[in-house]
Amino acid sequence: MATQTVVISERRISSLRLFMTYMRHNPPTLVGFIITIAFYGWSIIEGILQLLGMVFHNPAIGWALLPYNPFAVNYAAAFQPPSLKHIFGTDNLGRDLFSEILYGAPTEALISILVVGSAILIGGLIGMISGYFGKYVDETGMRVTDMFLAFPAIILALAVEAAIGRGAINAAIALVVVWWPTYARLFRAETLRIKTQYFVDAAKLSGTGTMGIIFRHIFPNVLTPIISYATIDLGNVILAYSIISFLGFGVPPPYPEWGRLVSEGFQYFPAPAWWYAIIPGVVITIVVIGLALLGDGISEYITSGGITT
Amino acid sequence: MGLASFLIRRGINMVITVLGVIFIMFIITHIITPNPAVAWAGPHPVPSIVEAITKEYHLNDPVYVQFYYFLLAVIQGNWGEDPMYHQPIIQLIDTYFPRTLELTIAAMIVIIILGILTGAIAAVHKNTPTDYTIRAFYLVTWSMPPFLVAMLLQLAIAYGLKLLPATGLANPLLSPPKLITGMPTVDALIEGDWPYFWSSLRHLILPATALALVAFGIISRLIRNSMIDIAAKPFIRTAIMKGLRERDVVFKHMLRNALIPAITVLALTFASLLAGAVVIEDVFSWTGMGWLLTQALYQQDYPLVMAGTFIVAIGVVIANLVADILYAVVDPRIKLE
Amino acid sequence: MGSDVLIRTENLVKVFLAKNYGIINRILREKPLFVRAVDDVSIEIPTGKTTALVGESGSGKTTLGRLLVTLEQPTSGRIYFHDIDITKARGRDLRNIRAKLQMVFQDPYSSLNPMMRIKDIIGEPLKNRGVRGKELDEAVAKIMGEVGLDYSSLATRRPSELSGGQRQRVAIARALITNPEFVVLDEPTSALDASTQAQVLNLLVDLQNRHNLTYLLITHNVAVAKYMSDLIMIMYMGKILEIGDTGSVLKEPLHPYTQALIESVPDIGKSELKPPTGEVGSLVNPPKGCRFYPRCPFRMDICREREPPIVEVKNGIKVACWLYVKK
Amino acid sequence: MALLEVKDLSIIYRTPFGIVNALNDITFNIDKGESLTVVGESGSGKSTLALAIARLLPPNAKYVSGSIIFDNIDLLKLSSDEMRKIRGTGIFMVFQEPATSLNPVFKVKDQLMEAVRIRYEREGNIFDENKAISEIISVLKDVRMPDPELIIERYPHQLSGGQIQRVMIAMGLLMRPKLFIADEPTSALDVTVQAQILRLLKDLKREYGISILFITHDIAVASIIADSVMVLYAGQLMELGSVKSVMHEPKHPYTQALLSSIPRISKTEGKLPIIGGSVPNLLNPPPGCRFHPRCPFRMDICSKAVPNLTKVNDIYVRCFLYGQ
């Protein structure tokens with residue numbers, strides 16, 4: 001409607017409350033929100049417990065909340081299919097898969113946040129500078145971005161990891177190397193759009209310096225549309241990392257990493273234990289779906305006028 | 001501005017990008033193996049061999065000289081001999097890359113058909129059960145790790161229904177045709193080797209489907225959303241106002257416009273398929289480039305990893321070039337600039 | 001130069017690149033395509049009055065306005081503010097000058113940062129000059145009162161919660177908080193509804209009287225220019241074609257374009273329009289002689305060959321047209 | 001005989017934030033060969049009205065009540081396929097944004113040809129491309145398009161806004177509709193080009209005898225183009241009458257205020273009188289007459305009931321000042 005501007009004035013509701021109301025009418029978004037909160041909420045709790053376990057040299061604190069010790073080998077209980085006792089079944093060494101998956105969650109959560117966060121920082125800075133200053137700065141920035149974009153992401157990440165060594169943090173660094181260019185592109189495109197808005201000119205006339213304009217005026221506005229993409233992208237990182245650990249380049253065993261659980265299970269696939277490989281894979285899928293639903297919901301919420309840019 | 005000028009411009013851009021790719025790889029190579037001679041000399045390096053390699057590859061020269069030789073080697077397509085396979089690297093790539101290309105192209109065909117079809121259907125039936133089903137389907141497939149998609153396909157079709165083979169390039173009992181293009185089905189077709197053709201085609205279906213399932217959602221969603229966007233454009237109202245049939249409005253006026261953004265994304269998808277093949281090839285034992293690269297990574301065969309990565313990067317750059325040209329052909333607003 | 005001139009330009013030129021011209025274009029030795037948005041403009045803007053700059057799209061009126069408030073760098077020519085050359089001002093000088101030169105933009109939706117609160121938007125110019133805390137709040141409250149916005153209910157709101165008219169008031173408040181001398185009003189009411197337009201126009205008149213402001217009113221709406229301005233300048237394809245006091249120019253337009261423009265404006269009770277033929281031409285390859293030549297009903301051979309000089313025709317009205325040049 | 005009869009038309013939009021009452025009880029007629037101009041500010045429902053007549057409303061809109069009788073057929077009772085056959089040769093519409101009115105990927109020729117082909121099919125004639133081309137060229141000449149032979153080989157982005165609106169009008173002429181709806185066709189154009197298009201429409205109305213429903217936010221434009229004027233405010237029909245009467249003796253306080261508060265090129269007197277307040281939010285419109293919060297003559301009853309449409313002289317007006 002060109003002429004049907006719906007002004008939602010007179011209502012003063014905080015944006016979070018408004019989003020909650022919005023979710024009530026959008027069940028998929030609500031599902032995504034619940035999955036996301038459950039995943040990151042649990043990861044924080046479990047992550048703190050594991051840290052405490054390290055600090056007090058008592059690893060058992062790490063599995064205090066879990067039904068079983070995820071490291072306890074029990075050959076007698078090997079390859080038990082999902083049942084009430086072991087809802088996700090057991091693995092080749094008789095460990096409870098459910099406990100292993102819960103124990104492995106914090107790594108996935110940490111890496112997704114680290115990678116997306118750093119990519120936003122690095123890509124955001126390069127993208128905003130390219131977009132704001134334009135001309136040769138832009139050309140240089142975008143050429144470099146193109147170079148990184150040309151690499152096959154997973155393979156480059158694996159190569160980088162090979163260069164700096166394995167492990168969760170190194171994997172995160174490796175992923176950031178291939179992850180930032182997308183954000184540079186996104187931030188640049190958004191900056192180009194925001195730059196032409198009159199409030200940037202007004203800020204110049206107000207005597208705001210270049211840094212002030214970039215960080216006070218451009219960054220918050222550029223970030224809004226990127227939030228929904230970043231939410232979905234957390235899931236993409238989890239997928240990419242699952243591939244890395246599936247191929248055996250993640251955190252070394254016995255730490256129960258989701259991708260590696262799948263690849264270990266793959267040795268016993270489809271028999272004698274189809275669930276060993278499938279269930280961790282399904283868990284990854286559910287988390288990624290949750291993030292995608294939430295991200296889509298946020299994007300729809302923003303375009304439907306909840307937040308105006 | 002003609003096509004020639006456009007191609008020159010793109011060509012220069014491409015050369016700059018490729019040079020950058022080479023530079024980045026050179027840096028990574030140097031971080032991985034400060035003295036590659038030791039690594040390249042094999043698992044048990046003998047000092048004399050190390051010395052010979054050091055000399056051959058100018059490893060004692062300053063870094064920029066080394067870069068020059070590295071560049072020269074890359075441009076000449078001479079990646080040297082692989083330390084693990086004891087074969088020229090270029091020959092290894094020659095054998096393995098076409099197989100990946102075949103897999104990727106097969107997946108690409110599935111993606112284009114499935115993506116455009118489901119996207120258009122979902123857009124026309126926006127907010128109906130049909131739309132929800134299609135969206136739910138691609139939401140699930142793209143949220144799945146590729147190895148899970150692969151395993152579920154194996155479980156259902158190969159192990160459960162026993163319709164298609166689970167792993168391999170073709171029936172190992174058949175002797176493969178002469179290498180012409182390097183792509184098994186194509187070579188068999190050229191040779192007229194029907195048993196091998198059918199066997200390799202049957203082996204191709206599952207990995208190609210797995211690869212396609214992971215990626216088709218991007219196209220489907222893009223087509224759906226851009227068709228919905230376009231449906232709100234005044235020119236669609238104009239078309240409706242003329243009294244055109246809905247079929248003509250959708251397929252003539254909407255789809256044609258929706259395909260424009262899809263082209264760029266298809267190029268990016270092609271790139272991600274090349275990379276995604278790594279996992280799919282692993283699960284299906286499809287001995288292509290991805291499989292070769294994972295093996296090389298396990299064995300710390302970095303020269304091969306670098307060469308492979310480079311080849312895939314070139315593939316990506318070419319795919320983008322093709323997309324740019326297609327884009328200009330489809331959209332009259334872009335005057336090839 | 002009379003002391004009543006606040007801003008003066010000399011042969012001001014602004015040329016834009018019609019499209020991106022990068023390294024590769026340079027390597028390929030392509031010729032860059034230029035758009036001459038403002039082409040050799042020399043004007044004087046009198047203190048304490050409203051000068052209207054009227055033109056259609058592509059006339060360069062907005063670019064000229066942006067040049068005057070230092071938002072664009074001229075390609076050549078000079079701008080004098082109080083007889084001081086501000087063309088090359090940089091850094092601290094530029095900041096100080098900008099406090100005196102302000103602009104109200106066309107689109108009240110994109111002229112306010114949607115992520116900021118109203119009081120932060122209005123207070124930003126003062127905050128950048130070191131005003132903080134209570135002093136800042138008081139200044140914001142005072143100016144909000146002046147533009148007819150209620151501080152207590154609106155200060156902490158965000159732009160999306162305001163109507164178009166309210167937003168434009170916020171933009172005016174932000175422009176005036178530094179006590180500027182010169183304000184460029186770029187189509188200040190073109191995005192507003194008919195019933196809010198008069199509110200904003202009258203507010204602008206009030207503020208001008210109270211603060212002794214000098215306005216440059218950029219508009220395509222001749223009726224708004226007539227209501228608001230003392231002086232009028234007609235711009236077409238980067239050139240000023242006619243300057244004079246608003247009443248005389250609109251009553252007896254001299255330049256054929258001004259005549260055609262006025263004959264094109266619809267009005268209540270009018271039932272026939274007499275528009276000129278054709279449309280505004282391309283600024284990439286403007287006609288060599290008079291810019292209006294292709295559409296002019298009175299065109300002569302000389303019009304195609306040479307650009308007409310701008311000459312005074314009668315009591316202060318200057319026209320750039322060969323019809324009025326005495327041979 | 002009225003060509004178009006709209007009776008008690010009410011339309012709402014369902015939005016995530018509530019129900020928008022876009023149009024309330026709109027009633028009017030357009031006779032054959034007549035032009036009616038709808039004047040309204042943003043949110044008045046004028047564009048909704050145009051889309052409602054063409055049945056092009058978005059899916060979240062709902063016809064609450066009323067009927068739209070076009071050429072003795074109730075459009076709201078037609079199936080979508082029957083409605084399709086009304087569009088084009090029955091009702092044609094030109095839109096506000098010239099930049100996106102034509103499909104960017106097809107040449108002007110192909111888009112005009114499509115229109116001619118549809119008309120030929122409906123008339124039961126065999127489509128002949130050469131004949132169609134010569135018809136297209138001749139109609140483009142009718143809309144005063146310079147170099148029509150060159151123009152038809154171009155893509156829409158190579159045309160100016162004024163040229164596209166001419167092409168759109170030509171498209172309408174090629175389809176020979178009985179009713180021509182123009183939804184702010186000149187708002188995006190320059191003053192001189194707007195004047196050209198207005199003049200063109202006026203000439204064509206005389207030459208072809210078409211009926212025009214013209215929608216605008218600019219009441220001065222109505223003065224040029226209209227036979228009669230309808231004033232909408234916040235979804236309510238406030239005043240309807242011949243252009244002469246409405247412009248010179250407006251009855252409704254809103255029309256009066258609107259006419260006196262716009263700056264005019266032919267008027268010099270002092271300060272403009274203003275209408276206080278702003279256009280109401282249609283999610284939560286004021287009860288009764290929607291103009292009452294801003295009305296200088298408001299009475300108690302104005303906020304309690306909606307006045308009926310009353311005839312005062314030759315003007316229909318919805319205001320309690322005129323009885324009930």
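Leu125(A), Ile129(A), Phe133(A), Val137(A), Met211(A) and Phe215(A) make up a nonpolar patch on the surface, with a joint accessible area of about 520 Å². Helix H3 (97–133) and helix H8 (210–246) of chain A each give two or more residues to this patch. The largest share, three residues, comes from H3(A). Phe215(A) lies in helix H8 of chain A. Phe215(A) is partly exposed, at 41% relative accessible area.

Some terms need their cut-offs. A patch takes residues with over 30% relative accessible area and no salt bridge; like charges are joined within 9 Å, and nonpolar side chains (Val, Leu, Ile, Met, Phe, Trp, Tyr) within 5 Å. Accessible areas come from the Shrake-Rupley method with a 1.4 Å probe, and for residues only the protein chains shown count as cover. Buried means under 20% relative accessible area, exposed means over 50%, and partly exposed lies in between (1.4 Å probe, protein chains only). Helices (H or I, at least four residues) and strands (E, at least two) are DSSP runs, numbered from the N terminus.

This is a predicted model, where local features need pLDDT of at least 70, side-chain atom pairs count only at pLDDT 80 or more, and totals for chains, interfaces and linings use all residues. Residues are numbered from 1 along each chain as its sequence is written, chains are lettered from A and ligands numbered from 1 in the order in which they are written, and side-chain values use heavy atoms, with hydrogens and water left out.

Now take chain C as a whole. Chain C has twelve helices and 13 strands. Its C-alpha atoms fill a box of roughly 65 × 60 × 40 Å along the principal axes. The radius of gyration is 21 Å, which agrees with the value near 20 Å for a compact globule of 327 residues. That radius is taken over C-alpha atoms, and the globule rule is 2.2 Å times the number of residues to the power 0.38. Of the 327 residues in chain C, 58% are buried. About 13,400 Å² of chain C is exposed, and carbon and sulfur atoms supply 49% of that area. Contacts (heavy atoms within 4.5 Å) can also be sorted by sequence distance. Among those in chain C between residues at least 6 apart, 66% join residues at least 24 apart.

Chains B and D each offer a pair that is separated in sequence. Leu7(B) sits in helix H1 (residues 3–32) of chain B. Leu7(B) is partly exposed, at 36% relative accessible area. Leu7(B) and Ile325(B) are 318 residues apart in sequence, yet 8.5 Å apart in space, C-alpha to C-alpha. In chain D, Leu179(D) belongs to strand S7 (residues 179–183). Leu179(D) is buried, at 0% relative accessibility. Its C-alpha atom is 9.7 Å from that of Asp31(D), 148 residues away along the chain. Leaving aside neighbours within four places in sequence, Leu179(D) contacts several residues, including Leu3(D), Ile30(D), Phe70(D), Phe92(D) and Ile212(D).

Next, the cysteines. The structure holds zero disulfides over all chains; a disulfide is a pair of cysteine sulfur atoms within 2.5 Å. For Cys296(C), the nearest cysteine sulfur is that of Cys321(C), 6.2 Å away. Cys296(C) is buried, at 10% relative accessibility. For Cys295(D), the nearest cysteine sulfur is that of Cys319(D), 6.1 Å away. Cys295(D) is buried, with a relative accessible area of 10%.

Last come the charged pairs. There are 50 salt bridges over all chains; each is a side-chain nitrogen of Lys or Arg within 4 Å of a carboxyl oxygen of Asp or Glu. Arg8(C) and Glu10(C) form one at 3.0 Å, N to O. Arg8(C) is buried at 11%, whereas Glu10(C) is partly exposed at 32%. Arg66(C) pairs with Glu72(C), with the closest N and O atoms 3.1 Å apart. Arg66(C) is buried at 13%, and Glu72(C) is buried at 17%.

Asp206(C) forms a salt bridge with Lys271(D), at 3.0 Å between the closest N and O atoms. This pair crosses between chains, from helix H8 (residues 194–211) of chain C to the loop between helix H11 (253–261) and strand S11 (309–312) of chain D. Asp206(C) is partly exposed at 30%, whereas Lys271(D) is exposed at 53%. Shared partners also join Arg36(C), Asp39(C), Lys239(C), Arg291(C) and Glu307(C) into one network of salt bridges.
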